[in-house]
Amino acid sequence: MTVPVLDQWLVRRMGWTDFATPPKPDELRRWQLDQLNRLLRHARENSSFYEAHLKSEGTPFVHSFEDYARLPMLSTQMLRDCPQKLLCVSQDDIERIVTVKSSGTTGSPKRVFCTSEDLAATKDYFAWGMSNLTGPGESALVLMPGGRPGGVGDLLSDAIESLGARCVLHGEMQDSAAAVDHLLAEGATCLIGQSAHVNMVAREWRRRGLPSDRVRSVLLCWDVTPQAVVENVTQALGSRVFRHWGMVETGLGGAVECAPGSGLHLRETDVLVEIVDPSTGCLLPDGEFGEIVVTTLQRRGMPLIRYRTGDMARIMPGRCRCGSPMRRLDPEIRRLGDGLDFGTGFLRLEDLNEALYGLPEVDDFTAGIKEGLLHLHVCVERFGVRCRIIEALKGISVVNEALKRGAIGLAIHLKDDRTPAVPGLGKRCFHEYRSS
């Protein structure tokens, strides 16, 4: 029996010598627990922050994941306030520092320090994950910039080319028509990008009446992936669509599908994921939605121990049909607190995603509220769709009830210039419109 590629990566990353036999789930969990104890000892001995942060715990070891869940969590603010104090190596050993400015945040940015080993591990993970999407003699178009050693574009490019495929970095997607032209000119059979940008490419592809047999696979990454976008891309391009979750704090890679619709297999040797109640911090069982808390198991330069990501998800119960021992994230991932309270209920960004991306005329959008008006800036194929957008919004019960009560009004702004609603690679959120 052929071992799935992600399980091959798992076996090698664990240091096992029997490449043909992946670990059983309980063997993988025991290995993770051993890595946790190594990491805790390393962090206490080499970081002034962790020495104090973990000092209240009487025992230097944890004997179960329940024990581990009693350790204090690391907040985003802690990461912003004292990144250097999290270091467990000399700054001379740091290869790259990534600065992250979170959407909607006006405070100091987060800074994540990476060693050369961290970057190599990410490139290796990318290569194994991408082997499901492309291979020798094929070409992949990446809707991200390059030219930054250790950046996501360059790491992806190196990983793809290690498979014998050719990688073309398009840069940030600023015009969907230009992206389609580039895709056709390169003869790319694989497309990689943020879901909103790939959705615009798929819409442009459909408008031109291009055939659905040229792009074999698509990877949607960097931000949340609405199911409506998956369906749009599948229908327009005829591709197998894979989803990925990750963030700078996890070393970019975090979880990826082994097959479309299978759930996102976690990067278990490098990123331990816990799902906790965001209010109490209590560990939640598989199948329940809560906040993702991560520990970077094998990062020795700047380890993150029980870091609160602010992302909400759940571990899918049971095993994948591929038989992998790695747990899976439900693709329905969202940001904690990312919504608007209209007094009639809470409008979540994912509700708007499914309603608006589900309209064939809508390429992209952004939303926010100001002075009692829900502002929508919508990229459309043609302007005569305002009524359809309003009807789609009324299909969201929270919005419909708020409109009936006069709790909010609508301000819909349309444009058809083929540019994204949110420039660059910023993660999508409700926009904060300042009063004039």
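There are 28 salt bridges in this structure, a salt bridge being a side-chain nitrogen of Lys or Arg within 4 Å of a carboxyl oxygen of Asp or Glu. As general background, side chains of opposite charge can pair when their charged atoms come close. Before I go through some of them, the housekeeping. This is a predicted model, so local features need pLDDT of at least 70 and side-chain atom pairs count only at pLDDT 80 or more, while totals for chains, interfaces and linings use all residues. Residues are numbered from 1 along each chain as its sequence is written, and side-chain values use heavy atoms, with hydrogens and water left out.

I start with Arg 216 and Glu 138, whose side chains meet in a salt bridge at 2.9 Å, N to O. Arg 216 sits in the loop between helix H9 (195-207) and strand E6 (217-221), and Glu 138 in the loop between H6 and strand E3 (139-142), so this pair ties together parts that are 78 residues apart in sequence. When I say helix or strand, I mean DSSP runs numbered from the N terminus: helices are H or I with at least four residues, strands are E with at least two. Arg 216 is partly exposed, at a relative accessible area of 34%. On that scale, buried means under 20% relative accessible area, exposed means over 50%, and partly exposed is in between, with a 1.4 Å probe and protein chains only.

Next, Arg 335 and Asp 311. Their closest N and O atoms are 2.5 Å apart in a salt bridge. Arg 335 is in strand E14 (residues 334-335) and Asp 311 in strand E12 (residues 307-313), so the pair links distant parts of the chain, 24 residues apart. How exposed or buried are the two partners? Arg 335 is partly exposed at 36% relative accessibility, and Asp 311 is buried at 5%.

Strand E14 also supplies Arg 334, which pairs with Glu 350 of helix H11, so parts 16 residues apart in sequence are tied together. The closest N and O atoms of that salt bridge are 3.3 Å apart. Glu 350 is buried at 17%, and Arg 334 is buried at 16%.

There is also a network of salt bridges, which links Asp 181, Glu 204, Arg 207, Arg 208, Asp 363 and Arg 418. Arg 418 has a backbone feature too: its phi is positive, near 70°, and it is not a glycine. For background, most residues other than glycine have a negative phi. Arg 418 lies in the loop between strand E19 (409-415) and strand E20 (431-432), and it is partly exposed at 23%. Glu 371 is another non-glycine residue with a positive phi, about 50°. Glu 371 is in the loop between strand E17 (362-370) and strand E18 (373-380), and it is exposed, with a relative accessible area of 61%.

Now the buried side. Which residues does Trp 245 touch? Leaving out residues up to four places away in sequence, its contacts include Thr 250, Leu 264, Ile 292, Asp 311 and Ile 333, where contact means heavy atoms within 4.5 Å. Asp 311 we have already met, as the salt-bridge partner of Arg 335. Trp 245 is in strand E7 (residues 240-245), and it is buried at 5%.

Helix H11 (residues 349-357), the helix of Glu 350, also holds Asn 353. Asn 353 is buried, at 4%. With residues up to four places away not counted, Asn 353 touches Val 224, Pro 226, Ala 228, Gly 358, Phe 365 and Arg 428.

At the start of the chain, helix H1 (residues 5-14) has as its buried residues Leu 6, Asp 7, Trp 9, Leu 10, Val 11 and Met 14. They pack against helix H2 (25-46), helix H6 (116-130), strand E8 (255-257) and strand E9 (264-266). After H1 comes Gly 15, with a positive phi near 85°.

Last, two exposed sites. Glu 45, in helix H2, is exposed at 61%. Its C-alpha is 16 Å from that of Gln 91, 46 residues apart in sequence. Gly 384 is in the loop between E18 and helix H12 (386-394) and is exposed at 74%. Gly 384 and Glu 361 are 23 residues apart in sequence, with 9.5 Å between their C-alpha atoms.
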